[in-house]
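Work through the exercises below with the model open. Try each task before reading its solution.

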Amino acid sequence: MSEAAEGGVRLPESLRGVEPVQSVRTPIRLEYDYRPSASAESYLRAYGEKRIIGHRSPVDGAVFIPPRGVDPRHGVAISEEVDLPDTGHVGNFCVTHLPIPGRKGLEVPYVSAWIHLDGAAVGFLGLVSGCPSDEVRIGMRVRAVWKPDDELGTTAENIRHWEPTGEPDVPLERAGNQSFHAGRGDEAGA
Amino acid sequence: MGEVPLRADLVLEYPFTRTTGPIIGAFLTGLREGVLTGVRRPDGTVMVPPAEYDPVTSEPLTEIVEVGQAGEVVSWTWVDPPRLQSPWDKPHGLALILLDGADTPMLHAVLVDSPDDLVTGMRVSAVWREEREGHIADLYGFAPEEVA
């Protein structure tokens, strides 16, 4: 082999003929101390009582979950908490076949989904289980599967996953974020 | 509310592996082989560690050259205590070290017990780990050169 080795790069004598390094591990890890905001704190404490709370916008009544204390569309503060049911539908979903390195207790394939609770304007993320992954579909009705009462904490992990209720699906045209737009009554009619 | 505010210890973690390309790869190959390398610029100077493109003209750089295993401390600071994920588990210097044959200094640790043992202009030489895999940590650090 001539001086010009791979990629037209010239190497010194000491590096010729040795196996070249082609990749390098650069893991990153950030440990941090999480302190919830006032609205997140209420949300987490409600989980401890198996309640799910959202924030209702004073502008048009849209309910946001998780509650952030603000309607991001209008930039107005929200203080009205509302209880949401632990039932809704799958707005969209993803089937994952590769495990997350270092994450225990999550067997592949698993289904992560946008869960649109009944009465909420937006979805939030959850795991769907209780049926084969290839049966999960947009519009499928689901309910929360809670941890046993003696394992509850102030955490969203109190909901183990979401399982099918067996009710008829939400029609495709009203599933997911479309349900929000449809529900505003300004076009498709509520 | 009278309740103790909530808090939680959270971790964000990604196990990245990056491809290196031939220039950074050559530098890392050198570390695995116990050799320090730089790259020659069109003006003849040598940049350590090597970069893929010239910082002034943006031309691709292609000539990897071996530099010395010893050099001079150009600037330094003292680290005490080391961070949790630092490659070093005790207080140490972090220094810009101008290796023999290089025209730019590189950052690495100087392994001394006290900041009183560090002086700008002092000579230091490379200390290698026994097990090397092609990573900057293959180079454990630099130690003051023995005065003959």
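**Exercise 1. Two backbone outliers**

Classify Ser58(B) as buried or exposed, and locate the residue.

Solution. Ser58(B) has 7 other C-beta atoms within 10 Å, so the residue is exposed. The scale is this: buried means 20 or more other C-beta atoms within 10 Å of a residue's own, exposed means 12 or fewer, and partly exposed lies in between, with C-beta atoms placed from the backbone. Next, the position. Ser58(B) sits in the loop between β4 and β5 of chain B. Helices (H or I, at least four residues) and strands (E, at least two) are DSSP runs, numbered from the N terminus. Last, the backbone. Ser58(B) is not a glycine, yet its phi is positive, near 70°.

Now repeat the steps for Lys50(A). Its phi is about 55°, again positive in a residue that is not a glycine. Lys50(A) belongs to the loop between α1 and β3 of chain A. It has 14 C-beta neighbours inside 10 Å, so it counts as partly exposed.

A note on conventions. This is a predicted model: local features need pLDDT of at least 70, side-chain atom pairs count only at pLDDT 80 or more, and totals for chains, interfaces and linings use all residues. Residues are numbered from 1 along each chain as its sequence is written, while chains are lettered from A and ligands numbered from 1 in the order in which they are written.

**Exercise 2. Cis peptides**

Find which peptide bonds before Pro66(A) and Pro81(B) are cis, and place both prolines.

Solution. Start in chain A. Ile65(A) and Pro66(A) are joined by a cis peptide bond, with omega about -5°. Pro66(A) is in the loop between β4 and β5 (70-71) of chain A. Then take chain B. The bond from Asp80(B) to Pro81(B) is cis, with omega near 0°. Pro81(B) is in the loop between β6 (70-79) and β7 (92-99) of chain B.

**Exercise 3. Sheets within the chains**

Give the strand order of the open sheet of 3 strands in chain A, then in chain B.

Solution. In chain A the order is β4-β3-β7, with antiparallel pairing. Pairing here requires at least two DSSP bridges between two strands. β4 (63-64) and β7 (80-84) of chain A each have a single partner strand, so one side of each lacks a neighbour in the sheet. β3(A), residues 52-56, joins β4(A) over 2 bridges, antiparallel. In that pair, His55(A) stands opposite Phe64(A). α1(A) packs on the sheet and touches β3 and β7 of chain A; its direction makes about 150° with that of β3(A). Axes are lines fitted to C-alpha atoms, for helices over the stretch in contact, and angles run from 0 to 180 degrees between N-to-C directions.

In chain B the order is β4-β3-β5, with antiparallel pairing. The edge strands are β4 (46-47) and β5 (64-66) of chain B. β3(B), residues 37-40, meets β4(B) through 2 bridges. Val39(B) stands opposite Met47(B) there.

**Exercise 4. The interface**

Which elements of chain A give two or more residues to the side that touches chain B?

Solution. First, count. 32 residues of chain A are in contact with 35 residues of chain B. A contact means C-beta atoms, placed from the backbone, within 7 Å. Second, assign. The elements are β1 (23-25), β2 (28-34) and α1 (38-47) of chain A. β2(A) supplies the largest share, 7 residues. Third, look at the pairing. β2(A) and β1(B), residues 8-14, run antiparallel and are joined by 7 bridges. Tyr32(A) stands opposite Leu10(B).

**Exercise 5. A helix and its cover**

List the buried residues of α1(B), and say what covers them.

Solution. α1(B) spans residues 21-33. Its buried residues are Ile23(B), Gly25(B), Ala26(B), Phe27(B), Leu28(B), Thr29(B), Gly30(B) and Leu31(B). Their cover includes β1 of chain A, along with β3, β5 and β10 (139-144) of chain B. Gly34(B) follows the helix, with a positive phi near 75°.

**Exercise 6. Confidence in chain A**

Which element of chain A has the lowest mean pLDDT?

Solution. pLDDT is the predictor's confidence in each residue, from 0 to 100. Chain A averages 89. Helix α2(A), residues 177-183, has the lowest mean among the elements, 61. Strand β11(A), residues 141-146, has the highest, 98. Over residues 185-190 of chain A, pLDDT stays under 50.

Notes. Contact = placed C-beta atoms within 7 Å. Expected span 1.5 Å × (residues − 1).
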